[in-house]
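User: Please go through the packing of this model with me, one question at a time.

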Amino acid sequence: MQPDERDQLIAQYKDGYRVVAAALIKITPEELEATPGPGKWSARQIVHHLADSEMTAAVRFRLLLAEDRPAIKGYDQDVFAGRLHYERAHEASLELFRAVRASTGELMGCLSEADWLREGTHTEVGRFGLDTWLRIYAPHAHKHAEQIRIARGSVRK
């Protein structure tokens, strides 16, 4: 990955909480629970998913930095949603998402060029380096912010 692409992705990653928080401004209880269709997540469920995903991402990032060729385990986001009580209040998960993303973003500023070349093996996709990690997680929050806006908008339809 070239440094300019990496810098753009880091900026997008660091902007992730802002776009999610903006998508939630003045959300009503009805909008928080609305889904745009069967099998789609509500804004509340998306916030919990973001917290769980961000914790997983942060551990993966740290494993890639701290261990030599670590195994990166996949997980089933739908199982998490079903078993981790995504019907509960969302505020703590939103704060967790903010804090974990801020900490990881800060850690990125400490990395050398050699650090960015570190990699491991993902149980589902094979080679998994910090470049792969960044390409996955930089746009992740932005995609879910859009899903929150769509879910909220489904109340009006």
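**Packing around the core**

Analyst: Leaving aside residues up to four places away in sequence, Leu24 touches Ala43, Val47, Leu94, Ile148 and Arg152, where contact means heavy atoms within 4.5 Å. This is a predicted model, in which local features need pLDDT of at least 70, side-chain atom pairs count only at pLDDT 80 or more, and totals for chains, interfaces and linings use all residues. Residues are numbered from 1 along each chain as its sequence is written, and side-chain values use heavy atoms, with hydrogens and water left out.

User: Which element gives the most to the largest nonpolar core?

Analyst: A nonpolar core is a set of buried Ala, Val, Leu, Ile, Met, Phe, Trp, Tyr and Cys residues joined through side-chain atoms within 4.5 Å, and the largest has 18 residues, with Val20, Leu24, Ala43 and Ile148 having the most contacts inside it. Two or more residues come from each of α2, α4, α6 (91–108) and α8 (140–153), helices being DSSP runs of H or I with at least four residues, numbered from the N terminus. The element that gives the most, with four residues, is α4.

User: Is Ser53 buried or exposed?

Analyst: Ser53 is found in helix α4 (residues 43–66) and, not counting residues up to four places away in sequence, touches Tyr75, Tyr137 and His140. Buried means under 20% relative accessible area, exposed over 50% and partly exposed in between, with a 1.4 Å probe and protein chains only. Because its relative accessibility is 2%, Ser53 counts as buried.

User: How far apart in space are Gly16 and Phe97, C-alpha to C-alpha?

Analyst: Gly16, in helix α2 (residues 16–23), touches Phe97, among others. The two residues, Gly16 and Phe97, are 81 residues apart in sequence, while their C-alpha to C-alpha separation in space is 9.5 Å.
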